[in-house]
Amino acid sequence: MSAETSADPRERILAAAAELLAEGGAEAMSTRAVGAAAGVQAPTLYRLFGDKQGLIDAVVNHAFERYLAEKTARPPGSDPVDDLRRGWDLHVEFGLTHPSFYALMYSATRSGEAVEAAERSARVLTGMLERAAREGRLRLPVELAGQMIRATARGVTLTLIAEPPATRDLALSGCTRETVLAAITGRPAPAPDTLTPAALAIALDAALPELPHRFTAAETALLREWLRRLMDEGGISPE
């Protein structure tokens with residue numbers, strides 16, 4: 001719904017801010033310009049969003065919601081690693097299609113709603129990794145694997161955004177993606193009888209939240225300690 005047709009002032013303001021951001025970057029998204037484009041007075045804007053940072057957070061949250069809707073629209077496939085691959089590609093594609101949004105989404109100054117949206121995005125990735133871990137596909141703990149994917153996917157996307165479209169080498173994304181997936185999965189799906197103790201420990205560690213009534217809190221803590229030892233013996237640090 002466009003800024004001109006929406007009867008809801010908040011929706012008009014968000015639509016106007018998003019359009020200005022897409023066309024001219026964050027510098028073009030002044031409160032005066034947004035108010036003029038949305039057909040609202042400054043008091044209305046400040047009442048709804050507090051200040052410019054509040055407006056920026058709301059616009060970024062809106063962008064995150066669009067991104068998450070795309071990311072979760074497809075049902076899980078038969079191969080969890082392929083799902084991670086598709087998730088990476090969608091992440092990079094979103095950044096290249098919406099560079100101004102992406103820069104704000106991962107800005108160090110984001111706060112409020114934007115931080116909550118980023119955390120929801122991270123939970124989607126964690127869920128995908130936990131599924132891979134339960135199937136014995138991870139060589140690294142879920143948390144570390146997630147940090148690696150988020151850091152490298154973000155770095156690749158920002159690097160590609162900084163390049164002129166005419167000289168942008170999209171092979172960078174595919175090569176980096178496969179390198180990271182190889183590091184966290186060991187590549188081919190292993191047969192159950194070939195899984196290492198460390199891989200089995202990671203899989204069991206990921207499955208523990210699904211067994212809340214099987215162990216007491218003390219037993220769960222002890223079991224996690226044993227699993228961490230198996231990971232360490234396999235050369236995998238959970239930290």
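**Exercise 1. At what angle do α1 and α3 pack, and how far apart are their axes?** Classify the arrangement, and then describe the residues that form the contact.

*Solution.* The model is a predicted one, and the geometry is read from it as follows. The first step is to take the two helix axes, which lie 10 Å apart and pack at an angle of about 95°. The second step is to classify this angle: since values from 65 to 115 degrees count as roughly perpendicular, α1 and α3 are therefore roughly perpendicular to each other. The third step is to list the participants, which are P9, R10, I13 and L14 on the side of α1, and T44, L45, L48 and F49 on the side of α3. Sorted by class, the residues of this contact comprise six nonpolar, one polar and one charged.

**Exercise 2. Which residues of α8 and α9 meet, and how do the two helices run relative to each other?** Begin with the axes and finish with the chemical classes.

*Solution.* Helix α8 covers residues 142-162 and helix α9 covers residues 171-185, and their axes cross at roughly 170° while coming within 10 Å. Because angles over 145 degrees count as roughly antiparallel, the pair α8 and α9 is assigned to that class. On the α8 side the contact is made by A145, M148, I149, T152, V156, T159 and L160, and these meet L172, S173, T176, V180, A183 and I184 of α9. The contact of α8 with α9 contains nine nonpolar and four polar residues, and no charged ones.

**Exercise 3. How many residues does the largest nonpolar core have, and which of them have the most contacts inside it?** Trace the core back to the helices, and then look for another core.

*Solution.* The largest nonpolar core has 31 residues, and those with the most contacts inside it are I13, V34, L55, V59, F64 and M105. Two or more residues of this core come from each of α1 (9-24), α2 (31-38), α3 (42-49), α4 (52-73), α5 (80-97), α6 (99-105) and α7 (113-134). Of these elements, α4 gives the most, namely nine residues. Apart from this core lies another one of 27 residues, which includes W88, L140, A201 and L227. As background, nonpolar side chains in soluble globular proteins tend to be buried together.

**Exercise 4. Is R86 buried or partly exposed, and is R137 buried or partly exposed?** Compare their settings, and add F215 to the analysis.

*Solution.* R86 is found in helix α5, and its relative accessible area is 31%. Since buried requires a value under 20% and exposed a value over 50%, R86 is partly exposed. Leaving out residues up to four places away in sequence, R86 touches R74 and G77, and its C-alpha atom is separated by 8.8 Å from that of K71, which is 15 residues away along the chain.

R137 lies in the loop between α7 and α8, and with a relative accessibility of 7% R137 counts as buried. The C-alpha atoms of R137 and V81 are 7.8 Å apart, although the two residues are separated by 56 residues along the chain.

F215 has its place in the loop between α10 (197-207) and α11 (217-233), where its relative accessibility of 34% makes it partly exposed. Beyond its neighbours within four places in sequence, F215 is in contact with L208, T220 and L223.

**Exercise 5. How many helices and strands are there in the chain?** Add the overall burial, contact and surface values.

*Solution.* The chain holds 11 helices and zero strands. Of its 239 residues, 40% count as buried. Among contacts with a separation of 6 or more, 71% join residues 24 or more positions apart. The exposed area of the chain is about 12800 Å², of which carbon and sulfur atoms supply 56%.

Note on methods:
Residues numbered from 1 in each chain as written. Predicted model: local features only at pLDDT ≥ 70, side-chain atom pairs only at ≥ 80, totals over all residues. Heavy atoms only, no water. Core = buried A, V, L, I, M, F, W, Y, C linked by side-chain atoms within 4.5 Å. Buried < 20%, exposed > 50% of the residue type's maximum accessible area, 1.4 Å probe, protein only. Helix = DSSP H or I, 4+ residues; strand = E, 2+ residues; numbered from the N terminus. Contact = heavy atoms within 4.5 Å. Axes fitted to C-alpha atoms, helices over the stretch in contact; angles between N-to-C directions. Parallel < 35°, antiparallel > 145°, perpendicular 65-115°, else oblique. Nonpolar A, V, L, I, M, F, W, Y, C, P; charged D, E, K, R; others polar. Areas by Shrake-Rupley, 256 points an atom, 1.4 Å probe, with all protein chains shown as cover.
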